[in-house]
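Let's take a friendly walk through this structure, one stop at a time. Have the sequence and the 3D view ready as you read.

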Amino acid sequence: MSTRGADPCSGRPALGWLLAAGLGVALAPSASAQTLSFYGTPGLVDMPTAEALPDGSLALTTANYGPIWRHTLTFQLSPRVSASFRYAAQGNDPWPGIPEYDRSFDLNILLREEDAYWPAIALGLRDFGGTGIYSGEYLVASKYVTPRLQLTGGIGWGRFAGRGGFENPLGVLDDRFETRPEQDTRTGEIGFDQWFRGDAAFFGGLKWHATDRLTLVAEYSSDAYALETTGRLAPQASPYNFGLNYRFRNGLEMGAYYLYGNTVGVRFSYVIDPAQPRAPGGQETAPPSLLPRSTVAGQSWNLGRRDQRVIPAGEAVRGRLAEQGLRLMSYDVSARTAQVQIENLRFDATAQAVGRAARVLANTVAPSVERFEVTLTEAGMPMTTVTVERADLEEQEHALEGEWHMLARAQITDSFGVGRAGAIAGAYPRLSWGLSPYAAVSLFDPDDPLRYELGIQLNAAWEPRPGLIFSGQIRKPLTSTIDDATRRSDSVLPHVRSDAVLYAQQSDLQISHLTAEYFFRPREDMFGRVTLGYLEPMFGGVSAELLWYPLNSRLALGAELNYAVQRDFDQLFGFQDYTVWTGHASAYYDIGRGYHGQLDVGRYLAGDWGATLTLDRRFKNGLKVGAFATLTDVSFDDFGEGSFDKGIFVELPLSWVTGQPSRAKLSQTVRPVLRDGGARLGVRNRLYGVVEPLRGREITDSWGKFLR
């Protein structure tokens with residue numbers, strides 16, 4: 001690193017750093033941030049730095065300053081872009097102009113990385129999609145002047161111009177930059193008309209890494225906490241903050257600070273790297289080693305006897321596949337080809353399931369069989385067929401990069417038209433059930449940010465034939481704080497979601513869903529679904545869907561039409577008077593590098609028309625993090641608090657936690673507020689989620705586990 005630098009509190013060098021943004025954006029990612037701020041983003045104490053977390057990281061932060069608690073989730077969307085969701089508690093006695101609980105979103109863009117001569121430069125928006133009480137924009141530069149000492153200087157607007165403000169330099173471009181409109185703290189609208197407007201101010205600080213784990217920080221803060229100091233927060237005695245951060249070996253980071261000359265604060269952060277599983281991988285049972293064909297030939301004469309009866313090859317294949325967590329649906333063998341249809345019950349990597357099935361066939365069927373056709377099925381629908389040659393499997397089993405040689409030689413085709421010749425006796429009809437505990441949470445109630453419900457649930461499914469599924473779930477709450485809520489909906493729209501508290505209070509034994517589903521393949525690259533019954537806790541009715549998803553395409557298109565009837569609050573068998581036709585046309589696109597986009601356009605449960613945009617990032621291990629926003633013809637005023645439906649979601653594969661293969665996932669959607677506008681029917685098993693894991697691109701993406 002360079003040893004050249006400048007005092008971050010000096011105006012001229014700081015301005016020089018800021019003007020450097022016009023030179024362009026470097027292509028390589030910056031070094032990872034070493035500390036997080038009170039706002040849960042890379043920074044000093046309250047002020048930001050021009051840094052980024054490791055790509056794909058999730059950072060969880062809790063910080064306390066006087067009566068203020070801030071809880072922040074930050075996700076590094078790309079090497080240069082991060083987004084944050086923050087939930088702040090202002091205390092039990094909020095002061096004028098500030099709600100007791102506040103929700104906000106941040107965005108930070110690293111414009112360029114640091115090099116030998118120039119600092120790293122970042123542009124940020126704080127609280128751009130919340131109430132606006134923390135609203136501010138900044139341009140900041142950071143530079144290491146020694147390998148351990150970093151200087152930071154920046155210019156900010158909004159909250160960043162609370163102290164030492166001066167006339168906005170952007171006023172030379174347009175007079176409108178000189179005045180900052182007032183923010184309506186009730187709406188949660190995106191304040192485009194506020195960005196970079198009004199007075200500006202400088203801030204800065206330094207960070208010294210005393211050891212690899214201990215970091216000392218000092219900053220000059222331009223945030224005067226003007227609103228907070230009118231209430232319970234003590235007036236600031238100084239603009240300077242000092243602190244130390246210590247990172248433990250388990251990844252937890254703790255900070256202690258002396259703030260604004262009269263207050264002590266603390267911060268706890270934990271950064272999750274999705275590339276590093278919480279449990280070591282490779283703990284699953286090893287795949288069966290391929291047997292020499294001579295050994296298989298000997299076995300084929302007598303696969304085993306039961307009361308002097310020779311076990312059929314199909315039964316042996318079924319038993320051996322079951323040991324691998326694969327369900328055999330059909331089996332057919334000719335002189336040269338063995339065909340199986342399987343359902344993957346265990347492996348989150350689809351290619352691993354195919355590889356295990358191919359090994360079982362190689363160790364079971366007659367040596368004369370040279371080709372294995374493995375068809376993947378889900379919900380009774382044949383999805384995709386992977387064809388491999390037996391000789392290739394034998395040749396590449398222990399070869400360096402054998403998986404990729406197998407991929408080059410394998411054939412992956414659509415399974416439309418694949419029949420069920422050789423259907424296994426006993427595969428249908430099929431009954432499955434289970435009794436288990438459950439936990440449900442309600443987040444961000446303005447009166448209580450966390451409510452919960454604990455209970456037991458019974459799940460059952462009966463499949464009389466391929467594609468036809470009768471299933472249901474019954475829940476019995478044992479303890480709950482969700483039904484303690486006293487707030488009632490003030491929505492002027494039909495109460496399709498905002499009466500959620502009434503569903504919790506007026507129900508005991510709950511039918512979460514009770515449906516008949518039929519899945520089918522109308523033609524090549526096409527998939528269909530029809531669902532009838534109690535579709536979700538609040539609505540029943542009929543849902544029909546078609547999906548066009550070519551085998552190796554990045555693009556998929558879908559259409560869904562629903563007739564929905566609102567259920568009674570007791571969540572049993574009755575209905576209310578409200579009915580609605582709702583449905584969407586959907587486009588799904590694999591952007592590449594793990595990024596996916598989805599656009600849904602249509603009519604929502606409250607009768608409003610609009611669109612939902614969803615963007616997410618998926619990692620090779622199955623972790624998914626994303627965000628969505630819905631805009632409809634409902635005005636912000638009619639929508640109420642929050643202005644429009646938006647939120648973030650996290651989907652965590654159980655295998656990432658346990659190190660064992662599993663298709664189970666832990667998921668949570670976080671909405672700042674649940675209202676009626678932009679509400680979509682919660683139909684189970686929408687086709688894209690069912691089909692995508694078994695299509696060509698997803699199979700090839702997981703091919704590195706084919707031989708594992």
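Ala83 is a good place to begin: with a relative accessible area of 25%, Ala83 is partly exposed, because that label covers values between the buried limit of 20% and the exposed limit of 50%. Keep in mind that you are looking at a predicted model. Ala83 sits in strand 3, which spans residues 81-89. Leaving aside residues up to four places away in sequence, Ala83 touches Leu73, Thr74, Phe75, Leu77, Asp106 and Leu107. Ile109 lies 26 residues from Ala83 along the chain, and the C-alpha atoms of these two are separated by 9.0 Å.

Now move along to helix 6, residues 402-409, where the buried residues are Gly402, Glu403 and Met406. Looking down the axis of helix 6, you will find these buried residues within an arc of 105°, so they line one face of the helix. What do the buried residues of helix 6 pack against? Their partners are strand 18 (381-389) and helix 5 (390-396).

Our last stop is on the surface. Here Leu431, Trp433, Leu435, Ile456, Leu458, Trp462, Phe470, Ile474, Leu478 and Leu509 make a nonpolar patch of about 1000 Å². Strand 20 (430-445), strand 21 (448-465) and strand 22 (468-480) are the elements that each give two or more residues to this patch. To look at one member, pick Leu458, which is found in strand 21. Leu458 has a relative accessibility of 35% and so counts as partly exposed.

Key: Residues are numbered from 1 along each chain as its sequence is written. This is a predicted model: local features need pLDDT of at least 70, side-chain atom pairs count only at pLDDT 80 or more; totals for chains, interfaces and linings use all residues. Side-chain values use heavy atoms; hydrogens and water are left out. Buried means under 20% relative accessible area, exposed over 50%, partly exposed in between (1.4 Å probe, protein chains only). Helices (H or I, at least four residues) and strands (E, at least two) are DSSP runs, numbered from the N terminus. The arc is that of the directions from the helix axis to the C-beta atoms. Contact means heavy atoms within 4.5 Å. Patches are made of residues with over 30% relative accessible area and no salt bridge: like charges are joined within 9 Å, nonpolar side chains (Val, Leu, Ile, Met, Phe, Trp, Tyr) within 5 Å. Accessible areas come from the Shrake-Rupley method with a 1.4 Å probe; for residues, only the protein chains shown count as cover. A salt bridge is a side-chain nitrogen of Lys or Arg within 4 Å of a carboxyl oxygen of Asp or Glu.
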